[in-house]
Each structure stands twice: as C-alpha cells, then as structure tokens.
Amino acid sequence: MSDTLETPESDSLSSLKQLSISPNLPKTFFFFLLPAELRSRILSLLLCPNSHFTVDISEENHRTSTTRLNYFLVSKRFGYEAYHVFYSTHPFRIFPTNYSFIIRKRTVPLLARLPVHYLNVMTKLELRLGPAWSDAPKYWVITNQLGLQHCQNVRTLKIFIEVDPSGSTFKGYILNARAYTDFCGDLLQQIMERLPLLETIEYDAYLNVERNGPLMTRLLEETTKGMKKISWGKERNWGDSLADKLEMARERAKARANAEGVTCD
C-alpha cells in the first residue's frame, strides 16, 4: 500500500506530467509547411503591428524596432522571409528629421546604412519637409551613397510638409522666401529620377500649410511633370472637395498634354 494519499489534484498533476513527456506529441512546429500567404500574414502580425509607422533613425529604435528585428536571427530562411515582409510593408524616411540627428554635421541617413537587398524590397518611402528649413543639413542631397537607385520596387512616395516658410504666415519675416521652395522642388525632381517604378505621391501637411501656397504649388508642378498620380493623406484630407478633384484632373490633363508636346491652356 502506498504511503501517499491519492487525491483528485494529485491524479491530475501526474497525468499532466505523463502528457508532457509523451513521445507521441510533436516537439517542433513546422512553420515552413504552412502556405506562403499564411506565413506572410503571421510575419506581418509579428513585425508590422502598425504598418503606417514610418521607420527612421531615432534614439527610440532600441525600444520600438530591436525586439522585432530579432526575428531575423531565428534562421537563415526565416530571416529571409521576415525582412521581405518588414521592408516591403513599412514606409522608410529618406532623410532623418529627429532633432538630435539634424543638428549633427555628419549624419548618415537610414537608407545609406542599409544593405542593398533590404533596399530592393522597399515599396514606400517618405520625405518630410520643414525641419531645419532655415538651414537645410548638407547631407540632404541625392547622391549614389544614399542608395535611392537600389529602391527599384518603390511605388509610393509620401511627402509630409511640417511648415512652408514661403507661405503667408512668414510673409515679411524672410528675405528669400523662395529659396526653400526651390530646394524642395529640385529635391523631389531628383528623387523621382532615381525611382523608375514610382507611381503615386501622397501629400499631407500640418494645418498651417496652405494647399495653394508656393511650396505645395511647386511640388505639385514637379509631380505632374513627372506623370505621377497624386493622392492625399489623412491629416488634412485635401482633395475631398469637388473643386479639388476638378483641379487635379486639369493638372493631370495638362501634364499629359505637355508630355505629348501639345499646348493646353
């Protein structure tokens, strides 16, 4: 006779122990036996809980991105599929806008820090205009070192304008108000030249930026010249009114006519 008292609790514990060491239970989950679409969906939930979040160099990256990027180290095949999902889902900022990086004389943008195979799978980029408008950093230039020429699958460019120094808000306070407008227009033109598959440029801005201001007018001119589609972000909801839609249709028709060598008044 056993000296131990048998109780229902002890019976359940012993059964659980036997179950845990049962050789018939699978000890490995065969992730790669799942269909590719299901694997991509799982990786999206792990790596991209907020797909609208723009990735940039920041002092907060060690808390927001490092944990997720550890999935790249699970295995070679897992890392291959993980980076395809991560870099093809999130938008990536072309030039840093974090103040601690803007004030530095020598800052390497995020794109220039990434290997080519990461750049190849990106589909969305972001250009944020307005920070340091009075003295744009010297590294805000389009060069081969930046790596835009390797972003061959980018379809969407998101442009967010924080401030327009050539607008009515700054009238009378700036001597050369067109300088930053020309700088941004030339910058957009060079970016479009480096992205051959770019289809859409999405514009958004803070409330102080005017839809018909000098900066937006110049950017829209460059967009229509480049024959790119124009869409609007959620911050301002530009383009929702009938007048805006008619104006955009006219701008696209004018750009199409200019490309074909036909004058359009």
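Is Thr 217 buried, partly exposed or exposed? I will come back to that residue in a few minutes. Before anything else, please keep in mind that this is a predicted model.

Let me start with the overall count. The protein has 11 helices and 5 strands. It has 265 residues, and buried residues make up 40% of them. If we take the contacts with a separation of 6 or more, 79% of them are between residues 24 or more positions apart.

Now the sheet. In what order do the 5 strands of the open sheet come? The order is β1-β2-β3-β4-β5, and the pairing is parallel. As general background, strands of a sheet pair through backbone hydrogen bonds, either parallel or antiparallel. The edge strands here are β1, residues 92-93, and β5, and each of these pairs on one side only.

We can walk across from the β1 edge. Strand β1 is joined to β2, residues 124-129, by 2 bridges, and the two run parallel. Arg 93 has Glu 126 in β2 as its bridge partner.

Next, β3, which covers residues 156-161, is connected to β4 by 6 bridges, again in parallel. One pair to look for on the screen is Phe 160 with Asp 204, which stands opposite in β4.

Strand β3 also holds Thr 156. The cut-off for buried is under 20% relative accessible area, and Thr 156 has 19% relative accessibility, so Thr 156 counts as buried. Leaving aside neighbours within four places in sequence, Thr 156 is in contact with Thr 123, Lys 124, Leu 125, Leu 198 and Thr 200.

Strand β4 is residues 200-205, and 5 of its 6 residues are buried, so β4 is largely enclosed by the rest of the structure. Its pairing with β5, residues 229-232, is parallel and uses 4 bridges. Across that pairing, Glu 202 stands opposite Ser 231 in β5, and Ile 201 stands opposite Ile 230 in β5. To get from β4 to β5, the chain passes through helix α10, residues 214-225, and this β-α-β crossover is right-handed.

Which residues of β5 are on its covered face, and which are on the uncovered one? Ile 230 and Trp 232 are on the covered face, while Lys 229 and Ser 231 are on the uncovered face.

That brings us back to the opening question. Thr 217 lies in helix α10. With a relative accessible area of 34%, Thr 217 is partly exposed. Thr 217 and Thr 181 are 36 residues apart in sequence, but their C-alpha atoms are 9.3 Å apart in space.

After α10 comes the loop that leads to β5, and Met 227 sits in that loop. Met 227 has a positive phi of about 60°, although it is not a glycine. At 43% relative accessibility, Met 227 counts as partly exposed.

Now one helix from earlier in the chain, α2, residues 36-47. At 1.5 Å a residue, its 12 residues should span 16 Å, and its end C-alpha atoms are 16 Å apart, which agrees. The buried residues of α2 are Arg 39, Leu 43 and Leu 47. Seen down the axis of α2, these buried residues fall within an arc of 55°, so they line one face of the helix. On the other side of α2, Glu 37, Arg 41 and Leu 45 are exposed. What covers the buried residues of α2? The cover includes α4, residues 66-69, and α5, residues 76-89.

Last, the core. In soluble globular proteins, nonpolar side chains tend to be buried together. In this model the largest nonpolar core has 56 residues. Which of its members touch the most other members? They are Tyr 87, Met 122, Leu 125, Leu 157, Ile 159 and Tyr 203.

Take Leu 157 as the example. Not counting residues up to four places away in sequence, Leu 157 touches a list of residues that includes Ile 94, Leu 125, Leu 127, Leu 188, Ile 191 and Leu 198. Glu 126, Thr 200, Ile 201 and Glu 202 are also among the residues that Leu 157 touches.

That is the end of the tour. Please have the structure open if you want to go through any of these residues again.

Definitions and conventions. Residues are numbered from 1 along each chain as its sequence is written. This is a predicted model: local features need pLDDT of at least 70, side-chain atom pairs count only at pLDDT 80 or more; totals for chains, interfaces and linings use all residues. Side-chain values use heavy atoms; hydrogens and water are left out. A nonpolar core is a set of buried Ala, Val, Leu, Ile, Met, Phe, Trp, Tyr and Cys residues joined through side-chain atoms within 4.5 Å. Buried means under 20% relative accessible area, exposed over 50%, partly exposed in between (1.4 Å probe, protein chains only). Contact means heavy atoms within 4.5 Å. The expected span of a helix is 1.5 Å times one less than its number of residues. The arc is that of the directions from the helix axis to the C-beta atoms. Two strands pair if DSSP finds at least two bridges between them. A crossover is right-handed if, with the strands pointing away from the viewer, the path from the first strand over the helix to the second runs clockwise.
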